[in-house]
Amino acid sequence: MNLTPGQAHEAYVGPPSETVEVSAFVDEASDMQDGSGEEAPLPVFMQSGAGLPASAREAWISLPQNEQQRITSECCVDDLRASLEDAVKNPRLMGHVARTHEATVHAIYETADSSNKRKRKRTTLADPSEEHPEAIELRKKLEATKLKCWPLTVHAASFIRTPRQPDHNTLIHVKKLGTVTAKEREALIFVTVYNRQSWGQRILSRCSQHVFLSSQTLGDLFGAIPCTAKEFPEEVVDDAEDITGYNAGIPEGDMAVGEHNGAAMCIEDVLYGDGQAENDSSQKLLSLCDTLPEGKKREVTKGPSMGQTKWSSLTFRLHEPYWVLHAGNCEHFFCVTKIRLWHPADPASGYPLTTQITPPLSEICRVCTKVPAVYSIVGDIRLGESPYLICEPCWRWMGEPKDEEVLVVPLPGYKQGWISRTPK
C-alpha cells in the first residue's frame, strides 16, 4: 500500500532522541534546582530571567516600580484569554467564529487549487449589517487587537486539513486511574499510545495519552491502555469442548492482565512479560525469535515482569515507538513524548492519569442502521448472514431463535478505559 504525502505525515512518529536514563534525569534535574558549590540554584520551572545574562537582570531591577508594572501590564494577555473563553462558551459567538474560519480556509483552498475541477460550495457569511450585535462587538474587538499572527498564504493549504478521529477526545476531564500521590522530586512521564489502522496496517493512529510517575510500573501502563481486547467475552464450552455461549462478566474497571490474556512489552530490545508464569509471554516471544532465520533474527533479552519494572529503572528514547502485544495478536505502540519533574501545579494524586482517548467507532446495527450494535448473532437463518451485527431493541423485536445452535456474542461495550469519572 502506497501512502499519500498526507498519510505519511500523519503516520510518522519521531525522530527519536538520545537514550534517557530516568533515574539520572531526576538526579541531574534535582541537582540543578538545588544548586551546588560552584553554581547557584536554578529554578527549573520559574518562567523568569533566571537564565538571562546578569546585565539584563540588573537592567530590569534598576527600572522604577511603576515602569515594571507598566511593562508587565503591556505584556499581559489575560484580557485576550477572557475574551476567548467568553466566545467559546457562547454558542452564537462560537458559531460566528467557526463560520468565519471555514470561509477563510475555503478561500485559501480555492486560491491554491489551480485545476479545473469542480469547486466546493463556498461558505457564505452574513452581511456585516445583518449580524447580531454580539457578533459585531466580537468582530470589532478582534480587529482592534494589536496582537497579530502570521498571515495565511496559499502555501498554508498543504498544512490545513479537517479534524480527524484522533483529534477528538472522549474525556471531558482528566481521568484519574489510581490513588498514587506524587512526591516532590519525582519525574512525570508522558506517554502516547498508537494503534494500527484496520484499513492500512502501515498507518498508526493515536489511541490515548497518559501521564505516569517515575515510581510507577510498566504494568500501570498496560492497565491504562483502553483496548477492546480487554473486553472480549469469555467462551463457554461444554463437555465436548464445543462453544455453547459467551460470558461477558468481566468486572468493570478491571484493567489487569486476565487469566488467559498474556501480554508483553519490548523496550530497547528488552522483553517485559506479564509474570503470570515462568513461561510467560516474553519467554514465548524469545523462543519464537530463536526460530527465525539469521537475517531476520533480532537480539532481544528477557527482563523482569511488567509489574516489577518501574519507570525509574528504565532507559528509553523520546519519540521512539515501543511495542506492546497481548490477547494473542493485539498490538499497540507507545512513545514517551516528554519527561519532566513534578510541579506543584500538577495534580497531587490519582496517578496514572489519562488525558486523551480517541472516540471509538462503533459498528451500526444492520437492521435499523441508526444505533450502535451490541450483539453479533452467529448461525441465525432469519438474518440472512452470519455473523450479523444488531442492536438490543432490534434483537428483542426479532424474538427468541428456534435454533438452539444460534450464538449471541456480546460486543465490547467500550467501558474499561473509555468511561470518564467526574473528578472529586
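How many of the five residues of strand E11 (residues 322-326) are buried? Keep that in mind as you start. The model is predicted.

**Stop 1: strand E11**

Select residues 322-326. This is strand E11, and four of its five residues are buried. Strand E11 is therefore largely enclosed by the rest of the structure.

Now add residues 263-267, which form strand E7. E7 and E11 are paired antiparallel, with four bridges. To see one partnership, pick alanine 263: its bridge partner in E11 is histidine 326.

Stay on histidine 326. It also stands opposite cysteine 330, in E12.

**Stop 2: the hairpin of E11 and E12**

Extend the selection to residues 330-341, strand E12. Five bridges link E11 and E12, again in the antiparallel sense. Together the two strands make a hairpin, with three residues between them. Click on alanine 327 in the turn: its phi is positive, about 55 degrees.

**Stop 3: the hairpin of E5 and E6**

Move to residues 234-237, strand E5, and residues 243-247, strand E6. They run antiparallel and are joined by four bridges. Find glutamate 234, then look across to asparagine 247 in E6, which stands opposite.

What separates the strands of this hairpin? Five residues lie between E5 and E6. Select glutamate 241, where phi is positive, near 65 degrees.

**Stop 4: an open sheet**

Next, show E14, E15 and E16. These three strands form an open sheet in the order E15-E14-E16, and the pairing is antiparallel. Which strands are at the edges? They are E15 (388-390) and E16 (407-410), each of which pairs on one side only. On average, neighbouring strands of this sheet are turned by 30 degrees against each other, direction ignored.

Zoom in on E14, residues 375-378. Three bridges connect E14 to E15, and these two strands run antiparallel. Pick serine 376 and find its bridge partner in E15, leucine 389.

**Stop 5: two crossing helices**

Finish with helices. Select residues 91-112 for helix H6 and residues 133-144 for helix H7. Their axes come within 9 Å and cross at roughly 55 degrees. H6 is therefore oblique to H7. The crossing of H6 and H7 is right-handed.

Show side chains at the contact. From H6, pick Arg92, Leu93, His96 and Val97. From H7, pick Glu134, Ala135, Leu138 and Arg139. By class, this contact of H6 with H7 has four nonpolar, three charged and one polar residue.

Methods: Residues are numbered from 1 along each chain as its sequence is written. This is a predicted model: local features need pLDDT of at least 70, side-chain atom pairs count only at pLDDT 80 or more; totals for chains, interfaces and linings use all residues. Side-chain values use heavy atoms; hydrogens and water are left out. Two strands pair if DSSP finds at least two bridges between them. Axes are lines fitted to C-alpha atoms, for helices over the stretch in contact, and angles run from 0 to 180 degrees between N-to-C directions. Angles under 35 degrees count as roughly parallel, over 145 as roughly antiparallel, 65 to 115 as roughly perpendicular and the rest as oblique. A crossing is left-handed if the near helix is turned anticlockwise from the far one by less than a right angle, and right-handed if clockwise. Contact means heavy atoms within 4.5 Å. Ala, Val, Leu, Ile, Met, Phe, Trp, Tyr, Cys and Pro count as nonpolar, Asp, Glu, Lys and Arg as charged, and the others, Gly among them, as polar. Buried means under 20% relative accessible area, exposed over 50%, partly exposed in between (1.4 Å probe, protein chains only).
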